[in-house]
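Notebook open, model loaded. I want to go through the contacts and surfaces one at a time and jot down what turns up.

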Amino acid sequence: MQHPPGTSRTSPLRPLPNLIFASRWLQLPLYLGLIAAQAVYVVHFVLELLHLVEAAAGSQTALQQLISSIGYKSTTEMTSLNETIIMLVVLALIDVVMISNLLIMVIVGGYETFVSRMNLESHPDQPEWLSHVNASVLKVKLGTAIIGISSIHLLKTFINADNYSEKVLIAQTAIHITFLLSAMAIAFTDRIMAPPAHHNVEEL
């Protein structure tokens, strides 16, 4: 039987290589666990948003729950929402969204890269970045996402700086800078290790 040009006959793997290759499916429960974790974040987001709406409507119980969840402290008793509390709650909601985006990148990109192809080429909702994802691209995107999450946490800390010691502020700033430098180092390493592009120049 002849095979089309440019293709080769695929022989079945031997038992040991086949077992090693099939072990990639052991990662499937991990990705399913991340999907469950994302569902927990969705529930948390909805509850926080509900508390924010109830507090805006005048619910003292919801207001106290918000103050407790964001770690806001004031020398005076809080009886209504103020701009700082709203901003901290909104930043917390944005933080949940960004972590959810990070989970999606890990779940979809990791499954596509390390487990099995998802064959989404013809799907209208295929993520743009998934068409050229590989281990290096995934690392850079994850590093960028972590920097964004760290930025939100740092902004929340600075807005609520009165409730943190100077040591904590310095430590969080140093951690954020470390994340930034690490992501830059990963991107630079991938750039210099990438094979140079070959351009065919036709001679006239």
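**Salt bridges.** I started with charge pairs and counted one salt bridge. This is a predicted model, so I keep in mind that side-chain atom pairs count only at pLDDT 80 or more. Which residues make the bridge? The side chains of R117 and E112 do, at 3.2 Å from N to O. That sits inside the 4 Å cut-off I am using for a side-chain nitrogen and a carboxyl oxygen. As a reminder to myself, side chains of opposite charge can pair when their charged atoms come close.

I then looked up how covered each partner is. R117 has a relative accessibility of 59%, so it goes down as exposed, the cut-off being over 50%. E112 comes out at 8% relative accessible area, so I noted it as buried, the limit there being under 20%. The bridge therefore joins an exposed arginine to a buried glutamate.

**Overall fold.** Next I stepped back to the whole chain. How many helices and strands are there? I get six helices and zero strands. Read from the N terminus, the order is α-α-α-α-α-α. The chain has 204 residues, and buried ones make up 25% of them.

**Pairs distant in sequence.** I picked out a few residues and checked what they approach in space.

Q38 is in helix α2. Buried or exposed? Its relative accessible area is 13%, so Q38 is buried. I paired Q38 with I104: they are 66 residues apart in sequence, and their C-alpha atoms are 8.5 Å apart.

V137 is in helix α5. With 22% relative accessible area, V137 is partly exposed; under 20% would have made a residue buried. From V137 to G109 I count 28 residues in sequence and 9.5 Å in space, C-alpha to C-alpha.

T173 belongs to helix α6. I have T173 down as partly exposed because its relative accessible area is 26%. The C-alpha atoms of T173 and S150 are separated by 9.3 Å, with their positions 23 residues apart along the chain.

G58 is my loop entry, lying between α2 and α3. At 48% relative accessibility G58 is partly exposed, since exposed needs over 50%. Its C-alpha is 6.8 Å from that of S80, which is 22 residues away along the chain.

**Largest pocket.** I turned to open space next. The largest pocket has a volume of about 280 Å³. Which residues are closest to its centre? Of the 16 that line it, they are S69, I70, A92, D95 and K156.

I also wanted to know where the lining comes from. At least two lining residues each are supplied by α2 (28–56), α3 (60–70), α4 (83–114) and α5 (135–159). The largest share is from α4, with five residues. By type, the lining divides into seven nonpolar, six polar and three charged residues.

**Surface patch.** Last lookup: nonpolar side chains on the outside. I found a nonpolar surface patch formed by I177, L180, L181 and M184. Together these residues have about 370 Å² of accessible area. I placed M184 in helix α6, which covers residues 166–193. T173, from my earlier pair, is also found in helix α6.

Notes:
Residues are numbered from 1 along each chain as its sequence is written. This is a predicted model: local features need pLDDT of at least 70, side-chain atom pairs count only at pLDDT 80 or more; totals for chains, interfaces and linings use all residues. Side-chain values use heavy atoms; hydrogens and water are left out. On a 1 Å grid over the protein atoms alone, a cavity is a set of points where a 1.4 Å probe fits but cannot get out, and a pocket is an open set with protein on both sides within 12 Å along at least five of seven lines; lining residues have an atom within 4 Å of a point. Grid points are joined across faces, edges and corners, and a volume is the space filled by probe spheres set on the points. Helices (H or I, at least four residues) and strands (E, at least two) are DSSP runs, numbered from the N terminus. Ala, Val, Leu, Ile, Met, Phe, Trp, Tyr, Cys and Pro count as nonpolar, Asp, Glu, Lys and Arg as charged, and the others, Gly among them, as polar. Buried means under 20% relative accessible area, exposed over 50%, partly exposed in between (1.4 Å probe, protein chains only). Patches are made of residues with over 30% relative accessible area and no salt bridge: like charges are joined within 9 Å, nonpolar side chains (Val, Leu, Ile, Met, Phe, Trp, Tyr) within 5 Å. Accessible areas come from the Shrake-Rupley method with a 1.4 Å probe; for residues, only the protein chains shown count as cover.
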